[in-house]
Amino acid sequence: MRHAMSVAAKREWAREMAAPFLEMKNISKAFGAVRALNDASFRIDRGEIVALLGANGSGKSTLIKILGGAVKNDAGTIAIDGKPVRISGSDASRKLKISVAYQELSLLPLMTVWENVMLGHYIPGRFGRIDEEANREYVRALLVQYDVPCGLDDYPSHLPPSTLSMIEIVKAVSWRPHILLLDEVTATLHHTEVELLFNNLRELAASGTAIVFVTHRLGEIYRIASRAVVLRNGESVADLDLSKAEIDTVVYHMTGKMPEPASECVSSGDHETAGAVLSVEGLSIDGFVHNVSLSIRKGEIIGLGGLEGQGQSQFLRALYGVVPYSSGKITIEGKAVKYSNPADAVRDGIGFISGDRNRESVFAQRSIGENIYSARLAKYSNLSPISRSRVNKSTLRIVDDYQIRIGDINDPISSLSGGNQQKVVFGRWIFVTPRILLLDDPTKGVDVTTRREMHEFLRRAADSGMTVIMVSSDNDELLDLSDRIYVFFEGRIHAVLEGENKTEEQLVSAMLGLK
Amino acid sequence: MEGIKGSLGAQLEGFKRKPEFMGTVLILAIILLNILMQGSAFFKPETMQTLFATALPLVILTMAQVAVLISGNIDLSTGITMSFVNVFAVMMPKNQPWLPMWSAYVIAFLLAVLVGYLNGVLVGVFRIPPMLSTYGMSFIIRGVNLLISDRPQGNVPRELWKVYQGDTFGIPNSLFLLVILVLGWFYIKERKATKEMYALGGDEKATYLTGISTVKTTIRAFTLSGVLVGIAGLAWTLMLASSQPISGDVKTLQSIAAALIGGVLITGGWGTMMCGVLGAFFMVLVNNATSYMFTQFIPSIIPGFSVSTYYQDFAGQIITMLGIVLTIAVSNNAKRMVNLSPAHGR
């Protein structure tokens, strides 16, 4: 595994020490109108372990993807050993000896573990065939070294998330990279597994590998990294020596706020369940959510906060019958429910607005009227007549009420701007007046004015007795709108913020899992 | 003793997880049905010879289809390209007397490879969905076929097709060709490029992120398919012993069905060429069995029995459909396990 270094190579290495091993300068990247990275810079030396930190949407994943060749930067330069390089694709990245373990995993479900790990760089044997024995031996040694509990011939579909993360790491390491990028790989790992991983990473670093480590567990960075680069809104705002910087300083650079410990860290079991519209007891979803309980009264607006991927989205979808849960009880107005699909939930008076318009809510080619009317369909029988005039007449009222700027009600929804499309989706659900409205990051990528209008809709809806549960990655939105905020961290409710505890400082520290 | 039994049991369990499992079960069942009706006559050299010689074009065509299916694509132009090889090889020496016959066969084969390559470029480089690009390609080739030979005509030298349709020591010569192709598959199966084709069929994004060129892999899969279509076209020519411009087109969908029966997943990333071979032979043997059943077996029990041959097709298609349902049920089971993986959700 180690790179044996000759004297000459060492001298060469020392000479190159002057320039950083990898340097990224003034990197910018925009996805449409969204600026993911804006003039960000990053550097790392051989043998160094650097933590790359940032809140939601700060651009750290984009930076990793640029290095991995999954995304191309619009502007800026990348240099390795002082020589400028161009990373035109993921194969170019591998040739530069960069490898990545992705948070969303790059494993193939229909290939065995050893085939997955060695994919793209199988050890050849005689006649250009793959030397299966040599490959297996190589992978077996890595699996032992990283203590991954799986067999060489297992298929990923049969393995738990933590094992898959370990395999993803082993897959990246198997390339013997000079630069190893780890994107939130510890999210699903247990503490003992993390400890072993860290020992292995330290060994890799000692042999000269540069390791970039992205994590949301701030406690970890002090144990593994010597330096932390912090991104905020796509800009690199700080480069901190971790032997000097306190955790509060790190959080300050990530969020622009000094953290304050959440003074109330109670489980919501304390809240009165009497008169609750919705109460959830001990809900668990394998690999995502562990034993979450909460109860919500009529007309409340509840915020579910947290960093991305802490289980809040899965929790919301479990309430809506999309994601099956392994244990727990959901009670709505005193009646125990278990929806196996969203149609049941809608018939029972539950609505769902997703911020991911294109994938989860808009029927792009259908008219604005039909888009608004669609949620009603679940309530009718299959043979109910629905004429165009009836659709248009009833939906025009919604358009007027909510001041959605449209051309004609028969125009396709794709003729509208993103913000107006989202308003149509809001209208769709207000139209059916659900008892409980679930929202997943409803104002993602929406302009400020529209956002304010949407918040207004939600307040009006809540005042008229609708119960609103909203996942949001936007702290201002959570703080402005919610009566109470449940902060998720690693699949558990880490804090409940209410009343005077509902401050940005406390929210920030709870999101990062600080006590 | 128990140890041996245990390892046998484990091997059986292992085989159940292999893609060839359902294909093997089905082929054994249909062979059994044939033996039950025909007895030892089924194994007569003439029967075997005819069986292999007529089955082989479809079998090779199915192997060609498997090559693209495992990479997550589909090719609707294979059948008509097979006919193109046939038409070109038979008619070109006739229309262009300066062209020696052997070179017409070689050029026909190379042109089939080129068609496969072009399909790969259309899908890989220009990102045209394979269903569309290869369907379009099939119409272009159909046009070329009809330009060269507007009706079935021509002939193949007797000494050539006699070799293909003959046997050596009671073993059909066409079987040797199949053995060579299967050995060829085992030769390329354990190679980097082949594994990358499987990876591409399994998940394009993950494959790209692993540092593999998805464009090159797509082109490779279609080119491999083109090579096999070329060989299928030559076998088809020797079987027909004449030029038939469009009769191969129906074989495209048959070969896709055969691949699916054999255990190849239409969504990609799963199955081997052996699956294709098993599936194609299953389809041929079903026809064989039903035709024997209606023309000889039932009349021998009920004297004077005689029905339209459409009933044969009817019975044959029902058996084929049952085969597809069985295999898909088994692979759906595998897919459900895949869906349990945590990759779903956000």
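Start by selecting B:Leu177 in this predicted model: leaving aside its neighbours within four places in sequence, B:Leu177 is in contact with B:Leu56 and B:Ala235. The residue belongs to helix α8 of chain B, and B:Leu177 is buried, because 20 other C-beta atoms lie within 10 Å, which is the number at which a residue begins to count as buried. If you add B:Ile60 to the selection, you have a residue 117 places away from B:Leu177 along the chain, with the two C-alpha atoms separated by 9.8 Å.

**Helix α9 of chain B**

Next, select residues 192-202 of chain B, which make up helix α9. Nine of the eleven residues of this helix are buried, so α9(B) is largely enclosed by the rest of the structure. To see which ones they are, colour B:Thr194, B:Lys195, B:Glu196, B:Met197, B:Tyr198, B:Ala199, B:Leu200, B:Gly201 and B:Gly202, the buried residues of the helix. Then bring in what surrounds them: within chain B, the buried residues of α9(B) pack against α8 (173-189), α10 (204-209) and α11 (214-240), and from chain A they pack against α4 (113-118).

**Where chain B meets chain A**

From here it is natural to show both chains and select the contact between them, in which 25 residues of chain B are in contact with 32 residues of chain A. On the chain B side, α9, α10 and α14 (310-339) each supply at least two residues, and the largest share, five residues, comes from α9(B). Colouring this side of chain B by residue class gives twelve nonpolar, seven polar and six charged residues.

A useful single residue to select beside this contact is A:Ser90, which is placed in helix α3 (residues 90-95) of chain A. Apart from its neighbours within four places in sequence, A:Ser90 is in contact with A:Gly68, A:Gly69 and A:Ala70 of chain A, and with B:Tyr208, B:Leu209 and B:Gly211 of chain B. A:Ser90 counts as buried, because it has 26 C-beta neighbours inside 10 Å. For a separation in the other direction, draw the C-alpha to C-alpha distance from A:Ser90 to A:Val148, which lies 58 residues apart in sequence and 26 Å apart in space.

**The two domains of chain A**

Now hide chain B and colour chain A by its domain assignment, which gives domain 1 (257-349 + 434-515) and domain 2 (362-433). Their C-alpha centres lie 27 Å apart, and 14 residues of domain 1 are in contact with 13 residues of domain 2. On the domain 1 side of this contact, the elements that give two or more residues are α11 (342-347) and α16 (448-463) of chain A, and α16(A) gives the most, with four residues. By class, that side of domain 1 has ten nonpolar, two polar and two charged residues.

**The six-stranded sheet**

Staying with chain A, select the strands of the open sheet, which run in the order β16-β17-β18-β13-β19-β20 with mixed pairing. At the edges stand β16 (350-354) and β20 (492-498), each with a single partner strand, so one side of each is left without a neighbour in the sheet. From one strand to the next, the twist averages 20°.

Zoom in on β19 (residues 484-489) and β20 of chain A, which pair in the antiparallel sense over six bridges. Follow the pair by its facing residues: A:Arg484 stands opposite A:Glu498, while A:Phe489 stands opposite A:Arg492. The two strands form a hairpin with two residues between them, and A:Glu490 in the turn has a positive phi of about 50°. Although β20(A) is an edge strand, it is mostly covered, with five of its seven residues buried.

**The nonpolar core**

Finally, select A:Val487, whose contacts more than four places away in sequence are A:Gly305, A:Gly306, A:Ile493, A:His494, A:Ala495, A:Leu497, A:Leu507, A:Ala510 and A:Met511. With chain B shown again, A:Val487 can be placed in its wider setting: the largest nonpolar core has 236 residues, and A:Phe213 and A:Val487 are those with the most contacts inside it. Helix α3 (residues 45-69) of chain B gives the most to this core, with 14 residues. Domain 1 and domain 2 of chain A both give residues to the core as well, so it lies between them.

How values were computed:
Residues numbered from 1 in each chain as written. Chains lettered and ligands numbered in written order. Predicted model: local features only at pLDDT ≥ 70, side-chain atom pairs only at ≥ 80, totals over all residues. Core = buried A, V, L, I, M, F, W, Y, C linked by C-beta atoms within 7 Å. Buried ≥ 20, exposed ≤ 12 C-beta atoms within 10 Å, placed from the backbone. Domains from an automatic or database assignment. Contact = placed C-beta atoms within 7 Å. Nonpolar A, V, L, I, M, F, W, Y, C, P; charged D, E, K, R; others polar. Pairing = 2+ DSSP bridges. Axes fitted to C-alpha atoms, helices over the stretch in contact; angles between N-to-C directions.
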